[in-house]
Amino acid sequence: MLISHRHRFIFLKTQKTAGTAIEIALRGVMAPGDVITPISRADERINRALGQLGPRRFRAPVQHYRSGDLWRVLSRGRLKKRFYNHMPAAAVRAELPEAVWCDYLKISVERNPFDKAISSYYWRTRRQRQPISLAAYLQSCPSGELSNWPVYTIDDQVVVDVMLRHEHLEQDLAALAERLRLERPLQLPVQRPKGQIRKDRRPWQEVLDPEGEQRIRQVCARELAAFYAGSTP
């Protein structure tokens, strides 16, 4: 996730929605005093090659430490994080002054839940020599692997001001750059993070079985109603 004080925005990062690519694009306008949470080593290499700022100001101050946090530092060398990847909106709000949360533009990104589920399957099973089938995965995986709803909602209400759509990211990013009054366009990295993981590129209608489609419709009913009502995802 990102918090830009110069441009007054908060980016709430969802899963399997090109969130890392968007985050790298937005890092191009971040300042040293902003909050940038870490991404994977491979993705940080892409970001460094672009000459952009890396992770900063995401760790908790010492006064936020408790006894358990100190034990983790001493035994495992793990410093406490105040902000982290895919942090839900309610947790972000709890860490910020009310004026920042209320006044900053809150941004997130969503994706067709059916395509997102297929992408999640390939990501979750990428290291398995004999992965379970997509049908089995969809029936057994936790709902949190299919739905991003808690990331951009509080008390079941959408709290973001700008919801980017995976299906037309370039147009949405152009509109966002204009709204933020940026000096240059937001450019997605040419080398897309995690872009080669999904092997089956067929339309989701040709990939999912009826049971899998039904599970996705049940788990993702709220985002389907909020962002895809009146259209066929």
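1. A good place to start is Val159, which touches Ala89, Trp101, Lys106, Tyr152, Thr153 and Ile154, leaving aside residues up to four places away in sequence. Please keep in mind as you read on that this is a predicted model. Val159 sits in the loop that joins strand S6 (157–158) to strand S7 (162–165). One of its contacts, Lys106, is 53 residues away along the chain, yet the C-alpha atoms of Val159 and Lys106 are separated by 7.5 Å.

2. Next, have a look at helix H2 (residues 41–49), where Asp43, Glu44, Ile46 and Asn47 are buried. These residues are on the same side of H2, because they cover an arc of only 155 degrees around the axis. An α-helix has 3.6 residues a turn, so residues three or four places apart point the same way. Arg41, Arg48 and Ala49, on the other side of H2, are exposed.

3. What do the buried residues of H2 pack against? Their partner is helix H1 (19–27). Just after H2 comes Gly51, with a positive phi of about 75 degrees.

4. Finally, the largest pocket, which may interest you: its volume is about 550 Å³. It is lined by 25 residues, and Lys16, Thr17, Ala18, Pro193 and Lys194 are the closest to its centre. Two elements, H1 and helix H6 (113–124), give two or more residues to this lining, and H1 gives the most, with 3 residues. By character, the lining of the largest pocket divides into 6 nonpolar, 11 polar and 8 charged residues. H1 thus appears twice in this note: the buried residues of H2 pack against H1, and H1 contributes to the lining of the largest pocket.

Technical notes. Residues numbered from 1 in each chain as written. Predicted model: local features only at pLDDT ≥ 70, side-chain atom pairs only at ≥ 80, totals over all residues. Heavy atoms only, no water. Buried < 20%, exposed > 50% of the residue type's maximum accessible area, 1.4 Å probe, protein only. Helix = DSSP H or I, 4+ residues; strand = E, 2+ residues; numbered from the N terminus. Arc of directions from axis to C-beta. Contact = heavy atoms within 4.5 Å. 1 Å grid on protein atoms, 1.4 Å probe; cavity = no way out; pocket = protein on both sides within 12 Å on 5 of 7 lines; lining within 4 Å. Points joined across faces, edges and corners; volume = space filled by probe spheres on them. Nonpolar A, V, L, I, M, F, W, Y, C, P; charged D, E, K, R; others polar.
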